[in-house]
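Colleague: Could you walk me through this structure and tell me how each description is earned?

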2 protein chains.
Amino acid sequence: MQLYDFKMAPNARRVRVFIAEKGLDIPSVEVDLGSRAQLAGDYGKVNPMLEVPALALDDGTVLTESTAICRYLEEVYPDPPLCGRNPLERAVVMMWDRRVEQHGFMAVSEAFRNGNAFFKDRAVTGPMDFAQIPELAERGKQRFANFLGFMEQRLGEAEFVAGERYSIADMTAMVAIDFARVIRARIGDDQPNLQRWHAAVSGRPSAQV
Amino acid sequence: MQLYDFKMAPNARRVRVFIAEKGLDIPSVEVDLGSRAQLAGDYGKVNPMLEVPALALDDGTVLTESTAICRYLEEVYPDPPLCGRNPLERAVVMMWDRRVEQHGFMAVSEAFRNGNAFFKDRAVTGPMDFAQIPELAERGKQRFANFLGFMEQRLGEAEFVAGERYSIADMTAMVAIDFARVIRARIGDDQPNLQRWHAAVSGRPSAQV
C-alpha cells in the first residue's frame with residue numbers, strides 16, 4: 001500500500017491519525033498542494049478529483065475519500081476497533097462521524113476556502129475553478145461556532161463523541177477543531193466538556209501526526 | 001423499527017429506495033417538512049438536527065444520517081448486498097457513494113436551498129436560521145452540471161456507478177439526478193451513458209418510492 005498524503009490537509013490528517021491508532025506503517029508520498037502539484041502533474045491519474053488523501057492498494061486499486069479509506073483499513077485490520085464493535089455501534093459511530101463532518105469539518109472548510117487569499121478562484125477542491133464567496137466564509141464561521149456549542153452539549157452527556165469509546169468520530173472532530181485555527185476559531189473558556197475531551201484525545205500519541 | 005420520513009425529501013428517498021431493494025416493510029411516519037413540522041413539534045427529541053430521515057430502533061436508539069441508516073440495514077439484512085460483498089468492494093462502493101454525494105447531491109441541495117423562495121432564511125438544515133446566498137445557488141448549478149459530465153464519463157467505463165453491480169451509489173446518484181428537476185437540471189441528450197444507466201435504475205421497482 002501507499003498513501004498519497006499532504007501534511008497540512010485536514011482530510012489527510014484524519015487518515016494519518018487512523019493509521020497511527022491501528023499501529024500500521026504505510027509508506028506515503030507527499031503531494032504538495034501548497035505549490036498546487038495536484039493540478040500540474042500526473043496526480044489526476046491517481047485521483048481524478050485531485051484530492052488527497054488516496055490509498056493505492058497492492059492490486060492497483062486506488063481508494064479515495066477519507067471515510068472509505070478508514071473503513072477499508074478497519075475491515076482489513078480490525079484491532080483495535082475504531083468504528084464500533086457490532087452493527088449498532090458501527091451505525092452510531094457512523095452517524096456521529098457524519099454529523100461532525102457535515103456541521104464541523106465542512107463549516108471550517110467552507111470558511112477557509114472562501115475566505116483565504118490562497119484559494120482565490122479555487123474555492124472548491126477538484127479540477128474546476130470556482131470563485132470564492134465571501135458570504136459563505138462568514139456562514140462557515142457561524143456554523144462552526146454553532147457546532148462547538150452542539151459538541152459542548154454532547155460531551156456533557158458522553159465521554160467521547162460517539163459514546164463511551166474513542167472512535168473515528170473523535171478523530172474527525174479533533175482534526176476539524178485543530179484545523180479551525182486557520183479561521184481563528186477555538187474552543188471557548190466556557191466550554192469545559194470540550195476542553196476535557198480535547199485534552200484527552202490530543203494526549204494520545206496518534207494526535208501528533 | 002419506525003422510519004421518520006418525508007415524501008419529498010431526497011435523503012429520505014435514498015433510504016426508502018434502499019429499504020425497497022432489501023424487500024423490507026418498515027412502518028413510517030411522515031414529518032411534514034412542507035409545513036415546517038420539524039421545527040414546531042417534538043421532533044427535536046427524535047433528531048436534534050431536525051432532519052429526516054431517522055430510524056427509531058426497537059431498543060429506543062434513533063439512527064440518523066442516511067448512509068448510517070443504510071449501512072445498519074445492510075449489516076442486519078445482508079441480502080441482497082447493496083454496499084459491496086467484501087472489504088475491497090465495500091470500500092469502492094463507499095468511495096463512489098461519497099463522490100456522488102459531495103459533487104452531485106450536495107450541489108443540487110446548495111442550489112435549491114439557496115435559490116428557492118421557500119427556503120428564505122432556511123438555507124441550511126437544522127435548528128439555526130441562515131440567510132440564502134444567491135451566488136451559492138449559481139455555484140451549485142455549475143457544480144451539478146460538472147457532476148453530470150463526470151458521471152457520463154464514468155458510466156462509459158462501467159455499467160453502474162461503483163462498477164459491475166448495482167449498489168447504494170446508484171441510488172444516491174438516481175435520487176440526486178431526479179431531485180435536480182427542482183433546479184431545472186437534467187441529463188443531456190448528448191449524455192448517452194447517463195441516459196442508458198438512468199433508464200436501467202429507474203426501471204427497478206424500488207425507484208417508484
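Here is our conversation, starting with one chain and ending with the pair.

Modeller: Happy to. Please keep in mind that this is a predicted model.

Colleague: What makes up chain A, and in which pattern along the sequence?

Modeller: Chain A has eight helices and four strands. From start to end the pattern reads β-α-β-α-α-β-β-α-α-α-α-α.

Colleague: How do you know that the radius of gyration of chain A agrees with a compact globule?

Modeller: For 209 residues, a compact globule would have a radius of gyration near 17 Å, and chain A has 17 Å, so the value agrees. The C-alpha trace of chain A spans about 45 × 45 × 25 Å along its principal axes. In addition, 47% of the 209 residues in chain A are buried. Take the contacts in chain A between residues at least 6 apart in sequence: 66% of them join residues at least 24 apart.

Colleague: Why is the pairing in the sheet of chain A called mixed?

Modeller: The sheet is open, with its four strands in the order E2-E1-E3-E4. Strand E1 (residues 2-5) of chain A pairs with E2(A) in the parallel sense, over three bridges. E1(A) and E3(A), however, run antiparallel and are also joined by three bridges. Two strands count as paired if there are at least two bridges between them, so three bridges satisfy the rule for E1(A) with E2(A) and for E1(A) with E3(A). With both parallel and antiparallel pairs present, the sheet is mixed.

Colleague: Which residues are the bridge partners of A:Leu3?

Modeller: A:Leu3 has A:Leu55 as its partner in E3(A), and A:Ser28 as its partner in E2(A). A:Tyr4 is bridged to A:Val29 in E2(A).

Colleague: What makes E2 and E4 of chain A edge strands?

Modeller: Strand E2 (28-30) and strand E4 (62-64) of chain A each pair on one side only. From one strand to the next, the twist averages 20°.

Colleague: How do you know that helix H4 of chain A is largely enclosed?

Modeller: A residue is buried if 20 or more other C-beta atoms lie within 10 Å of its own. In helix H4 (residues 66-76) of chain A, nine of the eleven residues are buried, so the rest of the structure largely encloses the helix. Among these are A:Ile69, A:Cys70, A:Tyr72 and A:Leu73. The buried residues of H4(A) pack against helix H1 (10-22), strand E3 (54-56), E4, helix H5 (87-115) and helix H7 (168-179) of chain A, together with H5 of chain B.

Colleague: Why are the two copies said to be related as by a two-fold rotation axis?

Modeller: A turn of 180° and a shift of 0.0 Å along the axis lay chain B on chain A with an RMSD of 0.0 Å. The copies are therefore related as by a two-fold rotation axis. In chain B, the residue closest to that axis is B:Leu136, with its C-alpha at 3.9 Å.

Colleague: How do you know that the copies meet through the same surface?

Modeller: Of the interface residues of chain B, 100% are also interface residues in chain A, so the surface is the same. The contact takes 28 residues from chain B and 28 residues from chain A. On the side of chain B that touches chain A, H5(B) gives the most, with eight residues. That side divides into 15 nonpolar, four polar and nine charged residues.

Technical notes: Residues are numbered from 1 along each chain as its sequence is written. Chains are lettered from A and ligands numbered from 1 in the order in which they are written. This is a predicted model: local features need pLDDT of at least 70, side-chain atom pairs count only at pLDDT 80 or more; totals for chains, interfaces and linings use all residues. Helices (H or I, at least four residues) and strands (E, at least two) are DSSP runs, numbered from the N terminus. Axes are lines fitted to C-alpha atoms, for helices over the stretch in contact, and angles run from 0 to 180 degrees between N-to-C directions. Two residues are in contact if their C-beta atoms, placed from the backbone, lie within 7 Å. Ala, Val, Leu, Ile, Met, Phe, Trp, Tyr, Cys and Pro count as nonpolar, Asp, Glu, Lys and Arg as charged, and the others, Gly among them, as polar. Copies are superposed by least squares on the C-alpha atoms of residues with pLDDT of at least 70 in both. A residue is buried if 20 or more other C-beta atoms lie within 10 Å of its own, exposed if 12 or fewer, and partly exposed in between; C-beta atoms are placed from the backbone. The radius of gyration is taken over C-alpha atoms; the globule rule is 2.2 Å times the number of residues to the power 0.38.
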